[in-house]
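Let's take a friendly look at how protein and DNA meet in this model. Have the sequence and the 3D view open as you read.

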There are 2 protein chains.
Amino acid sequence: MTLTTSYLQEIFTGLFELPLLDEIARVGIHKRVSAGTYMIRPGEFIRSVPILVRGSIKIMRPDNQGREALLYYLGGLDSCAMSLTCCMGGRKSEITALVEENTELIAIPVDKVDEWMCRYSSWKQFVFLTYQKRFNDLLQTLDEVVFHKLDERLLTYLRKKTDSCQCTVLSITHEEIAHELATSREVISRLLKQLEKAGQVKLMRNKITIL
Amino acid sequence: MTLTTSYLQEIFTGLFELPLLDEIARVGIHKRVSAGTYMIRPGEFIRSVPILVRGSIKIMRPDNQGREALLYYLGGLDSCAMSLTCCMGGRKSEITALVEENTELIAIPVDKVDEWMCRYSSWKQFVFLTYQKRFNDLLQTLDEVVFHKLDERLLTYLRKKTDSCQCTVLSITHEEIAHELATSREVISRLLKQLEKAGQVKLMRNKITIL
DNA sequence: GGCGTTCCGTGACAAAAGTTACAGGAGTCT
DNA sequence: AGACTCCTGTAACTTTTGTCACGGAACGCC
C-alpha cells in the first residue's frame with residue numbers, strides 16, 4: 001500500500017514535522033500483519049524498525065527449554081526498542097515478537113532510522129522515547145516477577161490484557177496464561193478458581209470475564 | 001581534577017575521535033566517588049551522564065516496601081542507560097545507584113550528551129551501545145528471576161560478583177545477599193549451607209570463598 | 001448420535017520458599 | 001572479664017508453587 005503525507009499527518013498529528021512525514025511517505029512501507037504472525041524470532045536479523053499504527057504485538061523472552069515469558073506489549077504508535085538496538089548494532093534478536101491483534105504498521109528501513117536521528121529532532125526524540133518506554137516496561141515486568149506472588153501477577157496480567165484490548169471479556173485459555181507467566185496450567189486454573197470464588201472474575205470455556 | 005586530552009586518549013583508546021576527546025576534556029568533570037556513596041536515588045533528577053573509568057556501581061530497583069532488587073552492575077567504560085533516558089527525557093530516576101567499589105568517572109553535562117549525538121558518530125555509537133548493553137543486562141536478570149530457582153540464582157549471583165571484583169573471596173554477609181535477591185536471610189543461609197555441603201563454596205564470617 | 005480433541009477442575013502429594021523462634025559464636029568496646 | 005552488637009546455624013512450621021493422575025465437560029466433525 002502506498003503512503004501519503006496526508007494520511008501520515010492524520011496518524012502522527014503533532015508528533016513529526018512535515019518534511020519528515022514526506023520522507024516517511026517515500027521510504028516507509030505500509031504493512032498489514034494478521035494475528036498469529038511471528039514478526040521476529042530469536043537469532044534472526046531485523047532489517048527495518050516498525051512503527052505500529054493499529055493493533056498490538058506481544059514481545060516474549062524464551063529460555064532454552066521451550067518456555068517463553070511475556071515481556072510486554074507494543075500498542076498504538078509504539079515502536080520497538082529491541083529492533084532499534086538490533087538495527088543500530090547489527091545484532092541478532094534475543095526475543096520473539098508475535099502479532100496479537102491484526103496490526104497495521106509502517107516499516108522504516110535501517111539506514112533511514114540512523115540518518116534521520118540527526119536531521120529531524122522529532123525523530124531523535126521519538127527514538128529516545130521508545131527506549132524510555134521499553135525500559136520502563138521491562139522494569140515493571142521485573143517488579144512483578146521479583147516482588148509479587150503468582151496470584152497478584154495473574155491479576156495484573158489480566159488487567160493489562162483488558163486494558164490493551166479495551167474489553168472485559170478475554171478470549172484465552174488457562175494454558176496460554178500459564179505459558180506467558182512461565183508456570184503450569186494447573187497452577188493457573190487453581191488461582192483463577194480462587195479469584196472466581198473471591199468474585200474477581202468469571203470463568204467460562206476459553207473466556208474470562210474480569211469484574 | 002582537570003582532564004587532559006592525553007589522559008583521555010589513554011583511557012578511550014580507539015573509542016572516541018580526537019576532537020571529541022578535546023571536548024570531553026573541556027566540559028567533562030573528573031570525579032572520584034568512594035564506595036558506599038549513593039549516586040542517585042528514585043525520584044531524583046540527573047544532571048549529567050557518567051562514564052566509568054574505574055570501579056563499579058550497583059544498580060538496584062526498589063519496591064514500595066523497603067525491598068530492593070539488584071538489576072546489574074556498571075563497570076569499566078560503561079555508562080548508564082537510565083541516566084541517558086532521564087537526561088534526554090527530563091524524567092526522574094526510577095532506580096538506585098550505589099557505588100560498590102571506589103569509582104573514578106567522567107561526568108558529561110546533559111546538553112553535551114545531546115549535542116554530540118549528531119556531531120560525533122563515535123558518540124552516537126557509544127550511546128546506542130550503552131542502551132544495548134543495559135537492555136541485555138536487564139533481560140538476563142529477568143531470565144534468572146523468571147526461569148531459575150533460588151539456588152541457581154544464588155550461584156550466578158556469586159559468580160557475577162567474583163567476576164566483577166576479580167577475586168574468589170567475597171566480603172559480604174548473608175543478609176546483604178538476601179536483600180539483593182529480594183528474599184530473607186534464613187533462606188540464603190540455608191542455600192549457602194547446601195552449596196557448602198556440595199563443595200561449591202566455603203563459608204566464613206563476613207566472607208564467602210567460591211571454589 | 002458416537003468419536004476424538006481440547007479445555008478445565010481437582011485431589012493428593014512433593015518441592016521450594018517464607019516465617020518464627022531461638023541459640024551460640026565472633027568481634028568490639030570498656 | 002563482661003556487656004554488647006552483629007552474624008550465622010538450624011529446627012519447626014506455614015505458605016506457595018510445581019507435578020502427577022485422572023475424570024469429566026464442551027466442542028467440532030463425521
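A polar contact here is a pair of N or O atoms within 3.5 Å; within protein, one must be able to donate a hydrogen and the other to accept it, and residues adjacent in sequence count only if both atoms are side-chain atoms. With that in hand, a phosphate oxygen of DNA strand C sits 2.8 Å from a polar backbone atom of Leu150(B).

Some ground rules: this is a predicted model, in which local features need pLDDT of at least 70 and side-chain atom pairs count only at pLDDT 80 or more, while totals for chains, interfaces and linings use all residues. Residues are numbered from 1 along each chain as its sequence is written, chains are lettered from A and ligands numbered from 1 in the order in which they are written, and side-chain values use heavy atoms, leaving out hydrogens and water.

Bases are contacted too, as these side-chain atom pairs show.

| Side chain | DNA partner | Distance |
|---|---|---|
| Arg185(A) | base oxygen, strand C | 2.8 Å |
| Arg205(B) | base nitrogen, strand C | 3.0 Å |
| Arg185(B) | base oxygen, strand D | 2.9 Å |
| Arg205(B) | base oxygen, strand D | 3.1 Å |

Around DNA strand C there are 16 residues (near means a heavy atom within 4 Å). By class, 2 are nonpolar, 5 polar and 9 charged (Ala, Val, Leu, Ile, Met, Phe, Trp, Tyr, Cys and Pro count as nonpolar, Asp, Glu, Lys and Arg as charged, and the others, Gly among them, as polar). Helix α8(A) gives the most to this surface, with 4 residues. For DNA strand D, it is α8(B) that gives the most, again with 4 residues. Helices are DSSP runs of H or I with at least four residues, and strands are E runs of at least two, numbered from the N terminus.

How far apart are the end C-alpha atoms of helix α8 of chain B? They are 18 Å apart, which agrees with the 18 Å expected for its 13 residues (185–197) at 1.5 Å a residue, the expected span being 1.5 Å times one less than the number of residues. Its buried residues (under 20% relative accessible area, with exposed over 50% and partly exposed in between, using a 1.4 Å probe and protein chains only) include Val187(B), Leu191(B) and Leu195(B). The buried residues of α8(B) pack against α6, α7, β7 and β8 of chain B, contact meaning heavy atoms within 4.5 Å. After α8(B) comes Gly199(B), with a positive phi near 75°.
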